[in-house]
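Biologist: Could you walk me through this structure, one question at a time?

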Amino acid sequence: MTLKPSTLEWQLDENPSLLFEQFGEKLQKSNTPPIETSLELYDTFDQALREIGRCLIKEKSEFRIADRVGIGSTSPELRSRTRGQNIFWNDFPAGELRDYLKPLLELRAAVKVATIKILTEEYSILNEDEKTVARLRLTRLTEESSGQSTQSLATIPLVGYTEEAQEIASILDTLTGFHRKKKCSIEWVFNAVGAGAPPLSPSATVQLDSDQSTQSAVVEIAKQMVHTASQMEDGVIKDIDTEFLHDYRVSIRKLRSVLSLTKGAFAKDDLNRLKTAFGGFARKTSRLRDLDVYLMEKELFRSMLPRSLHPGLDPLFEFFAKERSRELTKIRRHLKSAAYTKSIESQLNWLSQEELPQGPASETPIKPFASHIIAIHYKRVRKMGKKLDDTTPDEEVHELRIECKKLRYLLELFSSLYPTKDIKRIIKQLKGLQTVLGNFNDYTVQQQSLLQYLSETESVDRAAAASVGGLITHLHRSQLEARSHVSEKFLQFHGKETRLLFEKLFNANGKAST
């Protein structure tokens with residue numbers, strides 16, 4: 001059995017005219033006319049598909065997954081159709097593409113990154129008997145917005161002409177500007193549109209030095225959090241997906257938290273001014289975030305009730321959707337306002353001064369300072385968790401949730417000072433506790449919001465009242481269920497491995513500080 005030799009590819013830095021000079025009359029243009037196509041490349045803001053060497057391609061009205069621009073799907077089944085500019089995994093009908101995208105996109109939307117024009121021409125290489133021994137495919141990709149282009153050449157050998165194919169490949173390897181193709185066309189597109197490397201998480205971008213001063217470290221963190229929040233503003237304004245607002249809020253909350261928890265890094269008046277300014281930014285977006293969560297969980301809420309009660313929830317979600325539209329309009333106006341821009345710039349300009357007013361701990365080396373405050377908050381979590389039992393008031397459970405959040409922020413923001421593996425282990429254990437505490441809090445807040453809806457909304461009909469009442473009952477049961485697991489998750493977090501890690505990294509082996 002004769003095996004067909006494999007296709008080889010070259011990246012071209014030079015004009016392909018060298019081909020004609022090298023092969024002369026042996027290189028003949030195919031009778032097949034050049035093929036021109038236009039594709040659109042989609043990915044999420046955090047480039048989830050690019051990270052795994054894939055892209056979501058749209059050609060006409062069909063989407064597909066590919067590992068290079070200009071080729072078919074990695075699997076014939078990974079094709080489907082949908083409409084819209086912001087593409088979510090659940091926009092696609094049930095099938096393999098939807099299932100493939102679900103864990104990659106999660107709550108993110110895939111948006112158009114670039115439009116690519118592709119020109120493909122085919123040539124034949126003849127031998128002395130004027131028989132075709134190989135075909136060449138010349139492909140030119142042009143990114144529409146930048147006008148940048150790249151060219152590649154593929155040899156398509158024919159069965160029975162293996163030696164000729166090898167000889168042709170050897171000749172192409174000697175041509176100036178012809179390189180065996182290594183550059184991924186997905187990467188070329190992202191570079192052409194100026195996207196650069198996939199964005200790192202805010203915490204990962206903060207790389208501190210153990211010996212730098214506490215003030216300079218906190219300034220570095222603060223400026224990075226402002227930068228991250230600013231990157232999210234356009235996505236919030238355009239309403240691309242709900243994660244933009246979520247990430248905006250997390251960045252602002254982390255910033256305010258690090259300011260509050262590193263007392264002594266700044267003079268007291270400066271600290272209070274910064275906390276007030278950034279705290280106001282977070283508060284303005286709170287209601288919009290709540291509404292996002294309610295609407296995202298619409299199907300979950302429906303699943304909590306018998307099918308006969310589902311229609312009664314429609315007025316509730318219509319109410320939330322209308323309120324969200326109003327809140328989004330307010331936030332858009334806020335983020336576009338001169339007052340907001342001026343306030344952000346004012347705080348950044350202050351943080352960017354060469355010399356800032358000193359606080360009591362400004363010149364303390366950051367690592368011992370960070371270790372000390374992380375140990376303090378770990379001991380507080382430990383002390384509060386040990387008190388938990390079935391009679392612990394809900395308010396104290398909420399206080400534990402807040403203390404865990406503070407500890408998590410400190411661990412993430414100062415993670416570059418400690419071994420990555422150890423920090424990841426601690427955070428993984430802490431996340432388990434935070435999840436059950438967060439669920440407990442969410443169920444509490446959601447019940448309060450639904451009760452407020454019933455008390456403040458005019459003309460709630462019997463069907464809607466019955467459905468909302470049923471939902472409140474189910475949420476209350478879920479709240480009690482979450483509450484019952486808090487002690488269990490705390491004991492998992494407070495296990496021997498975690499205790500030893502806190503002792504090793506932060507010397508957290510003393511009595512809890514109040």
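Modeller: Happy to; we will look at one helix and then at two loops.

Modeller: This is a predicted model, so local features need pLDDT of at least 70 and side-chain atom pairs count only at pLDDT 80 or more, while totals for chains, interfaces and linings use all residues. Residues are numbered from 1 along each chain as its sequence is written, and side-chain values use heavy atoms, with hydrogens and water left out.

Biologist: Which residues of helix α3 are buried?

Modeller: Helices are DSSP runs (H or I, at least four residues), numbered from the N terminus. Buried means under 20% relative accessible area, exposed over 50%, partly exposed in between (1.4 Å probe, protein chains only). In α3, residues 96–105, the buried ones are Leu 97, Leu 101 and Leu 105.

Biologist: Why do they lie on the same side of α3?

Modeller: An α-helix has 3.6 residues a turn, so residues three or four places apart point the same way. The arc is taken from the directions from the helix axis to the C-beta atoms. The buried residues sit on the same side because they cover an arc of only 35°.

Biologist: Which residues are exposed on the other side of α3?

Modeller: Across from the buried leucines, the exposed residues are Asp 99 and Pro 103.

Biologist: What is the phi of Asp 239?

Modeller: Most residues other than glycine have a negative phi. Asp 239 lies in the loop between α7 (214–238) and α8 (243–261), and is partly exposed at 26% relative accessibility. Although not a glycine, Asp 239 has a positive phi of about 55°.

Biologist: Is Glu 130 buried or exposed?

Modeller: Glu 130 belongs to the loop between β7 (111–126) and β8 (132–143), strands being DSSP runs (E, at least two residues). Its phi is positive too, near 60°. With a relative accessible area of 65%, Glu 130 is exposed.
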